Amino acid sequence: MSFKLGLVVFVVSAHAATLHDRFNAQQAYAYTAQIAGFGERWPGSPGHKKTEDLIHQVLQKDGARIEADDFTATTPRGPIAVHNIIGKFNAGADPKQPILILAGHYDTLFQPGFIGANDGGSSTAILLSFADALAGQKMTMQVWLVWTDLEEAINSFTGDDGLYGSRHLAQKLAANGTRSRVRGFFLLDMIGDKQLGVAREVGSDRRLQDFMARAAGQLGYGQYFFQYESDIIDDHVPFIRIGIPAVDVVDAQFGRMGRAFDSMGEFHHADTDTMDKVSQHSLEVVGRTMLLTVELMDK
Ligand SMILES: [Zn+2]
C-alpha cells in the first residue's frame, strides 16, 4: 500500500520588503541636512548635543536597545568627554548570537566654520536611516549601529591623536569578550559625496569588501565601488588591531584632487564641505548596498 501525498504549497502573496528596499534615501538626505544645520559639532558644542539628541530620538522610535560608551579622553586640548552611542537591533537572548557592526563618526573637526555635511553629517545620517530600516526586522545576527565620537584628531592623526571613541570601544569589546562574536565591522565615512567613488581601502578586510562588491553588482552599482585604492587611517583601524574583520567604506576623493588640495580632495576638512556637495542618490547607492551586504552576510 502506498500513499500519495499531495503537497500543498501556500505562497505568501504579500510582498515583505527586503531590508535594502526599506532604505529611505530621501529621509537619509533630510537627516543629513538637519545635522549639517546644527552647525559645528565638535564634542562639547551645542551642535554636538543636538546630534546626540537626534540619534537617541531615532533609536527610541525604532525600538533599538541603546547603550552608551562614555569616557574622558586625554587630548592635546586637555580632557574631553566622549560619548559613543550604540543602537542594538535584533538582539536576542543567545549569548553567542553573532554581531555585525555598522559605524560612523558623528563629531566634526574642531574648526570654527566647518559644518561637515559630508564628513560627519552623511555618516551620522545614513546610520539613522539604517535604524529606520532595521526597526522590527528579524534576522540571524544582531546588528549594532555605532555612532563614534571624537574620530577627528585635535592636531593631526599621528601617535595617539584621533580615533578616540573607536579606540575606546574596540578595547572594551576585546576586554569583555564580545570581540569573537563580531562577524564584521563596516565604517561609513564621507559617503554622501555627489561624485561618489568608494575607495578600495587597502588596510580593510578583503572578504568583507567582496560581500559589498557582490551586493553592489546585484543592484547595478558596481561602478561606484573599488575603482581606486587608498590607504586611510579611520575608525576601522582599532577594530582591525583587535582582530575584527573591518572595512573602511570611504569616498577618499572629495572634490578635485591634486597638489593644491588636501590629500582627500579640495572639500575635505574645508568650510566648503556643505550640503551642495551631498546627493541623495549617493546616499541611496551606499545605503542600499550596505543593507544588501547585511542580508548576504546573514545567510
Ligand atoms: Zn574628517
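How many bridges pair β2 with β4, and in which sense, parallel or antiparallel? β2 and β4 pair in the antiparallel sense, over five bridges. The model is predicted. The points below cover its six-stranded open sheet, the helices α1, α2 and α3, the zinc ion with its protein donors, and the surroundings of Trp42.

**The sheet**

- Six strands make up an open sheet with mixed pairing, in the order β1-β2-β4-β3-β5-β8.
- The edges are β1 (65–75) and β8 (246–250); each has a single partner strand, so one side of each has no neighbour in the sheet.
- On average, neighbouring strands of this sheet are turned by 20° against each other, direction ignored.
- Strands of a sheet pair through backbone hydrogen bonds, in either a parallel or an antiparallel arrangement.

**Strand pairs**

- β1 and β2 form a hairpin, with two residues between them.
- Eleven bridges join β1 and β2, which pair in the antiparallel sense.
- Within this pair, Ala68 has Ile85 of β2 as its bridge partner.
- In the pairing of β2 with β4, also antiparallel, Ile86 stands opposite Val146 of β4.
- β3 (residues 99–105) and β4 (residues 142–148) run parallel and are joined by seven bridges.
- His105 has Thr148 of β4 as its bridge partner.

**Helices on the sheet**

- Helix α2 packs on the sheet, where it touches β1, β2 (78–89) and β4.
- The direction of α2 makes about 15° with that of β2.
- Helix α4 (residues 164–175) lies across β1, β2, β3 and β4.
- Relative to β1, α4 runs at about 120°.

**α2 with α3**

- The axes of α2 (residues 46–61) and α3 (residues 117–134) come within 9 Å and cross at roughly 15°.
- Because angles under 35 degrees count as roughly parallel, this crossing angle makes α2 roughly parallel to α3.
- The crossing in which α2 passes α3 is left-handed.
- From α2, the contact residues are Thr51, Leu54, Ile55, Val58, Leu59 and Lys61; from α3, they are Thr124, Leu128, Ala131 and Asp132.
- Six residues of the contact of α2 with α3 are nonpolar, two are polar and two are charged.

**α1 with α2**

- The axes of α1 (residues 25–37) and α2 come within 10 Å, crossing at roughly 150°.
- Because angles over 145 degrees count as roughly antiparallel, α1 is roughly antiparallel to α2.
- On the α1 side, Tyr31, Gln34 and Ile35 meet Thr51, Leu54, Val58 and Lys61 of α2.
- The contact of α1 with α2 has four nonpolar residues, two polar and one charged.

**α1 with α3**

- The axes of α1 and α3 come within 8 Å and cross at roughly 135°.
- α1 and α3 are therefore oblique to each other.
- Their crossing is right-handed.
- α1 contributes Gln27, Ala28, Tyr31, Thr32, Ile35 and Ala36 to the contact, while α3 contributes Ala117, Gly121, Ser122, Thr124, Ala125, Leu128, Ser129 and Asp132.
- By class, the contact of α1 with α3 has seven nonpolar residues, six polar and one charged.
- Tyr31 and Ile35 of α1 appear in the contact with α2 and also in the contact with α3.
- Thr124, Leu128 and Asp132 of α3 take part in the contact with α2 and also in the contact with α1.

**The zinc site**

- Asp119 (OD), Glu152 (OE) and His269 (NE2) are the protein donors of the zinc ion, and they lie 1.9 to 2.2 Å from the ion.
- The sequence spacing of the donor residues is D-x32-E-x116-H.
- Asp119 lies in helix α3 and His269 in the loop between β8 and α7 (280–297), so this pair ties together parts that are 150 residues apart in sequence.

**Around Trp42**

- Trp42 lies in the loop between α1 and α2.
- Leaving aside neighbours within four places in sequence, Trp42 is in contact with His48, Thr108, Leu109, Phe110, Gln111 and Pro112.
- C-alpha to C-alpha, Trp42 and Leu150 are 7.4 Å apart in space, with 108 residues separating them in sequence.

Notes:
Residues are numbered from 1 along each chain as its sequence is written. This is a predicted model: local features need pLDDT of at least 70, side-chain atom pairs count only at pLDDT 80 or more; totals for chains, interfaces and linings use all residues. Side-chain values use heavy atoms; hydrogens and water are left out. Axes are lines fitted to C-alpha atoms, for helices over the stretch in contact, and angles run from 0 to 180 degrees between N-to-C directions. Helices (H or I, at least four residues) and strands (E, at least two) are DSSP runs, numbered from the N terminus. Angles under 35 degrees count as roughly parallel, over 145 as roughly antiparallel, 65 to 115 as roughly perpendicular and the rest as oblique. A crossing is left-handed if the near helix is turned anticlockwise from the far one by less than a right angle, and right-handed if clockwise. Contact means heavy atoms within 4.5 Å. Ala, Val, Leu, Ile, Met, Phe, Trp, Tyr, Cys and Pro count as nonpolar, Asp, Glu, Lys and Arg as charged, and the others, Gly among them, as polar. Two strands pair if DSSP finds at least two bridges between them. Donors are N, O and S atoms within 2.8 Å of the metal (3.2 Å for Na, K and Ca); water is not among the atoms, so sites may look incomplete.
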